[in-house]
Amino acid sequence: CICSGVVWAAGFPAQVLAQVDPRESDPLERQQPVALEVREPVSWVHVPGRWSQLELRIINSREEPFVGLSTTSLDEQGTLQFGRRVRLPPRSRLLTRQPFLVPDVALSETEADGIQELDYQSLLLDEGAAGGELVRGKFGSLRIHETLWLARPGPVIGIVEPPGTSYKRVDPDIILPADVVETSRLNHRKRHNLVHFEDGVPPGGEASLDGYDQLVIAADSVLHDAEAVTAVRRWLFAGGQLWVMLDQVDAGILDALLGDEYTGQVVDRVGLTSVHIESGPQTMRVDEKRREFDDPVPFVRMLIDEEPVYTVNGWPAAYWRSYGEGRLLVTTLGPEAWIRRPLESEHIEEDLIWRSDYVVGPAIRRLTAPFYGPRPAPLLDPAVLETQAREYIGYSIPSRGLVVGVLAGFAVLL
């Protein structure tokens, strides 16, 4: 709700509360009895006009409980603040998150390919003190002034992958799922806003995914996180574009996300040393040559009710399906079959900054063309709903005669 210019986040998930060990040394605890630190969560993205989060770290080293109000404003006037009430037992730490709506600012032409910053300020009010008292931040200031980096123009995509895969390679000749995503994105001129998740999707529920247009699942970490499954499901049905690489994950992820809506059945998992991608019955034919591999390419053979976009040996290699307002893309063939290293005789168009070490095949180029489009606008605009809600909310206090009359009427009916 909105009250006195403050948007409250009561009951927002993902809180961690821990007792403070007197033997431990903490910089915040040494500075003052109660301290606040605000920071951006790792692998976060801030998209104008969408919800995002900040991480709040509060330490209460006193011997009595602490009750306070943390607020964050993203404009100089502080007319609209996002806040949440916090409660800490004696000698405890709290790690929680503060959701906020990123201002819908537009990039100028000179900033369209650069990074735009957004200033914000946070403070913590001790409601237990007489008349309220501001708590000092990490460096002793009453107000914490920090800067956010906004996402660049264009779709924002996140990829869930196994830990370590985005930073190191065991074998440089191995093609990873992220290589397929990165190469296909660059082929469609989508250069910015690719975020790697190595510990599953960000915590915080559905709001943690509001800034993303596409999501790729290439690791099982989501399947083992009930909160993440719920968040991805709601995000998909609200208009997200989801790509599940079934050759990389357990098929149970589809059952967990879609429930009774999922009607597919996995037959087995095999390795192919010869791959020929063919167009489905309703798909325009693509010129994919048969390729031979020394190492088998993983392939999931499954039965589906949908028409496959592409097939391998008569089994589905890729298919689309709509769920709610969103769309689901499922691929069952390993990354090696979709992209390849360029031949010495091939000329690859290169950018001084944005380039890939691989070449996309005709099938994956056509398959991902609709995937990287912008996320559709919600059917019900929150701004319109807010205006209608305000019409039903009154702020005037009814007269004593009206209250007495209503109560007397109820008494007569009883």
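Mentor: Before we start, buried means under 20% relative accessible area, and exposed means over 50%, with partly exposed in between. Keep in mind that this is a predicted model.

Trainee: Okay! Is Asp126 buried or exposed?
Mentor: Use the cut-off: buried is under 20%. Asp126 has a relative accessibility of 7%, so this residue counts as buried.

Trainee: Which residue forms a salt bridge with Asp126?
Mentor: Look for a partner from a distant part of the chain, 64 residues apart from Asp126. Asp126 sits in strand 9, while the partner is in the loop between strand 5 and strand 6. The closest N and O atoms are 3.4 Å apart, and the partner is Arg62.

Trainee: Which residues do shared salt-bridge partners join into one network with Asp126?
Mentor: You've already met one of them, since Arg62 forms a salt bridge with Asp126. Sharing partners brings another residue into that network, and the two joined with Asp126 are Arg62 and Glu64.

Trainee: How many salt bridges are there in the whole structure?
Mentor: The one between Asp126 and Arg62 is just one of them. Another is formed by Glu261 with Arg321. Searching the whole structure gives a count of eleven.

Trainee: Where is Arg321, the salt-bridge partner of Glu261?
Mentor: Start from Glu261, which is in the loop between helix 4 and strand 16. The closest N and O atoms of the pair are 3.5 Å apart, although the two residues are 60 residues apart along the chain. Arg321 is in strand 20.

Trainee: How far apart are the closest N and O atoms of Asp268 and Arg301?
Mentor: This pair links strand 16, home of Asp268, to strand 18, home of Arg301. Asp268 has a relative accessible area of 24%, so Asp268 is partly exposed, and Arg301 counts as partly exposed too, at 25%. Their closest N and O atoms are apart by 2.6 Å.

Trainee: Back to strand 20. Which residue there is the bridge partner of Val312?
Mentor: Strand 19 and strand 20 run antiparallel, joined by three bridges. They form a hairpin with two residues between them, and Asn313 in the turn has a positive phi of about 55 degrees. The partner of Val312 is Trp315.

Trainee: Which residue takes a positive phi in the hairpin of strand 20 and strand 21?
Mentor: These strands pair in the antiparallel sense over six bridges. Tyr323 has Gly326 in strand 21 as its bridge partner. Two residues lie between the strands, and the one with a positive phi, near 60 degrees, is Gly324.

Trainee: Now the inside. Which element gives the largest share of the largest nonpolar core?
Mentor: That core has 37 residues. The elements giving two or more residues include strand 13, helix 4, strand 20 and strand 21. The largest share is six residues, and they come from helix 3.

Trainee: Which residues have the most contacts inside that core?
Mentor: Take Leu215 as an example: leaving out residues up to four places away in sequence, Leu215 touches several others, including Phe197, Trp235, Trp243 and Phe371. Val232 and Leu242 are also among the residues Leu215 touches. The full set with the most contacts inside the core is Leu215, Val222, Val232, Leu242, Leu246 and Leu254.

Trainee: How many residues are in the other core?
Mentor: This core lies apart from the largest one. Its members include Ile157, Val181, Ile277 and Ala337, and its size is 35 residues.

Technical notes. Residues numbered from 1 in each chain as written. Predicted model: local features only at pLDDT ≥ 70, side-chain atom pairs only at ≥ 80, totals over all residues. Heavy atoms only, no water. Salt bridge = Lys/Arg side-chain N within 4 Å of Asp/Glu carboxyl O. Helix = DSSP H or I, 4+ residues; strand = E, 2+ residues; numbered from the N terminus. Buried < 20%, exposed > 50% of the residue type's maximum accessible area, 1.4 Å probe, protein only. Pairing = 2+ DSSP bridges. Core = buried A, V, L, I, M, F, W, Y, C linked by side-chain atoms within 4.5 Å. Contact = heavy atoms within 4.5 Å.
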